[in-house]
Amino acid sequence: MADKKMANGSGNEVCHDDSSSPIKAQTIDELHCLQKKRSSPSTPIDSSPGGVSALSEEDRQRQQLQSISASLASLTRETGPNVVKGDPARKTGSSKVAHMAQHQLVPTINISDSSMKFTHVLYNLSPAELYEQAIRHEKGSFMTSTGALATLSGAKTGRSPRDKRVVKDENTTKELWWGKGSPNIEMDEHTFMINRERAVDYLNSLDKVFVNDQFLNWDPENRIKVRIVSARAYHSLFMHNMCIRPTDAELANFGRPDFTIYNAGQFPCNRFTHYMTSSTSIDMNLARKEMVILGTQYAGEMKKGLFSLMHYLMPKREILSLHSGCNMGKNGDVALFFGLSGTGKTTLSTDHNRYLIGDDEHCWTNTGVSNIEGGCYAKCIDLSREKEPDIWNAIKFGTVLENVVFEEHTREVDYSDNSVTENTRAAYPIEYIPNAKIPCVGPHPKNVILLACDAFGVLPPVSKLNLAQTMYHFISGYTALVAGTEDGIKEPQATFSACFGAAFIMMHPTKYAAMLADKMRKHGATGWLVNTGWSGGRYGSGSRIKLSYTRKIIDAIHSGELLKAQFRKTEVFGLEIPAAIEGVPSEILDPMNTWSDKGAYKETLQKLATLFKNNFETFTNYKIGTDNTLTEEILAAGPKF
Ligand SMILES: Nc1ncnc2c1ncn2[C@@H]1O[C@H](COP(=O)(O)OP(=O)(O)O)[C@@H](O)[C@H]1O
Ligand SMILES: C=C(OP(=O)(O)O)C(=O)O
Ligand SMILES: [Ca+2]
Ligand SMILES: [Mn+2]
């Protein structure tokens, strides 16, 4: 080096800034080309154990684009769009671009402008690529101080259950739960096609769309292939985190998806369309194996839409789908955590002393449990490092942070700030939790924990349930919500949601209940009711049970200690409550002790019991499974007063 410098240095020459070895580029563009190593073809040809015929990498890419073009095809023009792979912002050549002739189903006679246009497909991008897309092109997307991608979900910051529609055809008329209490609001096939076309046309009108090909369910025998077509990098990264991520080899052999989501959330539905009662519509067509989203960008719609699909597909295979968290102890003892939104499934299944199988959606087969998802979706309002360290630490590069507020300069998130919404969320891959159990499967559950956040403050912090009581509370699906942050709110809002997830079940609740009873009996699982809500008075006068106490209660359930405790039956609800639990003040175990006004306690207890009774009336005419005695026992397991 030094010699060269000396040899060239003859005084009248320009100064050479050549203190390091020369690079192999003549221009800045060439230099930039050096920066990125080309991805190698994802699968070595012919090594597929699945027996897919040997394809050249080029053929495989072409088939993949054909499949995507077919997914995006208009069903009235009967042609798929011209799809090319890669970022439209990049020059051709720098990214892998595979041109493709028009996807021809019929010869095209009437050429329209739309058929002359190219749609760029950003296929299974990596988190880093999705970050760049989001930050460059999506307003409100920023990197936080810990590396998470903060973004806004737009006008909708929660799900829209009233805008859900399910196609009612000959099959689904018979198979699904319709009518009062059911989440399935009907629409006809034709209207579905109108919304589908609206979504597809919208997506095709864009310069680029994101396509994710991923899996649901860690049980290899019951794995479902899903394709998600969306317009936002936010949605693509969210689903990358929430679904199971295929390996390169699995992706190369992906083939046809079993189910496709068209997420055109930025675009509204047309309110002149039959069945539409707002600008939002989330439409499920089981026969076509498709879901269409219009008028909401809340990413949870996709996650919970797929959950609804699993609530249809799995019971048909005699597999029970569960709206529950799930973890496993060092000795292989599995616990399920059922509960409605905000009751503690994610918080309590994420336990530093146990293996996390999943935080929200599971299946229970003849061999054990499996997680449906590949990620977790944690609430982050008031999140603290001390109380929930594993969730806190999972909020790093790759994690999607929805609707949080952060400091403009440092980008530090203020988790106490609810200015955008109370429902701030973090979506991260399950392996971001240090003791995640991968693959996310486990043996049969030993404990079934029903979580209720009782804002009336009358349910005990924990009670042991017999099978009939477990079924009664499972079918009731109770929680109480505090109506929000508005002032003047005096009454907690009781919510009953069958199977702790009525918004997602597709068949009648008794179908799932019968399966749960059967499995619990067969495998000797114990049921527990845990109140993660109020104590010492209702919302407004009492306070929420300390998370540290709830964790001690859960520890005692897991260890088997609680099963050995002395129990006493409560009035009205007839719940078995323990006399003592290590680490928990004994006086709080009977809620009556914590109320200073005993009259008010009894009145509130009565009131809640009445709400339970009224709610259960819908189910009194149904039989649970084939067992008449169980049905009678369940009916008798409710409150008595
Ligand atoms: N005693 C408690 N038990 C469980 N969660 C609690 C408790 N007290 C406060 N919380 C808070 O309640 C929320 C529970 O939400 P989460 O676990 O995400 O519910 P889910 O997963 O069932 O929707 C968390 O924000 C948690 O910090
Ligand atoms: C994402 C959801 O799940 P959870 O609140 O149960 O975590 C939801 O219900 O929209
Ligand atoms: Ca939920
Ligand atoms: Mn959750």
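These are my notebook entries on what I looked up in this structure, which is a predicted model.

**Entry 1: the whole chain**

I began with the overall count and found 17 helices and 33 strands in the chain. Next I checked burial: of the 641 residues, 46% are buried. I also looked at contacts between residues at least 6 apart in sequence, and 71% of these join residues at least 24 apart.

**Entry 2: two domains**

I looked up how the chain is divided. Domain 1 takes in 58-104 + 118-315, and domain 2 takes in 320-364 + 444-636. I noted that each domain is written as two stretches of the chain. Their C-alpha centres lie 35 Å apart.

Then I turned to where they touch. Here 19 residues of domain 1 are in contact with 15 residues of domain 2. On the domain 1 side, helix H9 (residues 300-316) gives the most, with eight residues. I sorted that side by class and got nine nonpolar, six polar and four charged residues.

**Entry 3: ligand 2**

Where does ligand 2 lie with respect to domain 1 and domain 2? Both domains give residues to its shell, so ligand 2 lies between them. I wrote down the residues around it: Arg 159, Gly 300, Lys 304, Ser 341, Lys 345, Thr 346, Asp 360 and Tyr 377. By class, I have one nonpolar, three polar and four charged residues in this shell. H9, which I met at the domain contact, turns up again here, as H9 and H10 each supply at least two residues of the shell.

**Entry 4: ligand 1**

I moved on to ligand 1 and found 17 residues around it. The closest are Gly 344, Lys 345, Thr 346, Thr 347 and Thr 532. Which element gives the largest share of this shell? My answer is H10, with four residues. Helix H10 (345-349), strand E19 and helix H14 (547-559) each supply at least two residues. The classes here are five nonpolar, nine polar and three charged. I underlined Lys 345 and Thr 346, as they are listed around ligand 2 and are also among the closest residues to ligand 1.

**Entry 5: a sheet of five strands**

E19 made me curious, and I looked up its sheet. This is an open sheet of five strands in the order E5-E6-E20-E23-E19, with mixed pairing. Strand E5 (142-143) and strand E19 (375-379) stand at the edges with a single partner strand each, so one side of each has no neighbour in the sheet. A reminder to myself: strands of a sheet pair through backbone hydrogen bonds, either parallel or antiparallel.

At the E5 edge, two bridges join E5 to strand E6 (residues 149-151), and the two run antiparallel. There I found Met 143 opposite Leu 149 in E6. I also followed helix H7 (residues 233-242), which lies across E6, E19, strand E20 (400-402) and strand E23 (425-429). H7 runs at about 55° to E23.

**Entry 6: a buried strand**

Is strand E11 (residues 259-264) enclosed or open? Six of its six residues are buried, so E11 is largely enclosed by the rest of the structure. I checked both faces: Phe 259, Ile 261 and Asn 263 are buried on one side, and Thr 260, Tyr 262 and Ala 264 on the other.

E11 also has partners. Strand E10 (residues 224-230) pairs with E11 in the parallel sense over five bridges, and Val 226 stands opposite Phe 259. Strand E13 (residues 290-294) pairs with E11 in the parallel sense, over five bridges too. In E13, I found Leu 294 as the bridge partner of Ala 264.

How values were computed: Residues numbered from 1 in each chain as written. Chains lettered and ligands numbered in written order. Predicted model: local features only at pLDDT ≥ 70, side-chain atom pairs only at ≥ 80, totals over all residues. Pairing = 2+ DSSP bridges. Contact = placed C-beta atoms within 7 Å. Axes fitted to C-alpha atoms, helices over the stretch in contact; angles between N-to-C directions. Near = placed C-beta within 6 Å. Nonpolar A, V, L, I, M, F, W, Y, C, P; charged D, E, K, R; others polar. Domains from an automatic or database assignment. Buried ≥ 20, exposed ≤ 12 C-beta atoms within 10 Å, placed from the backbone.
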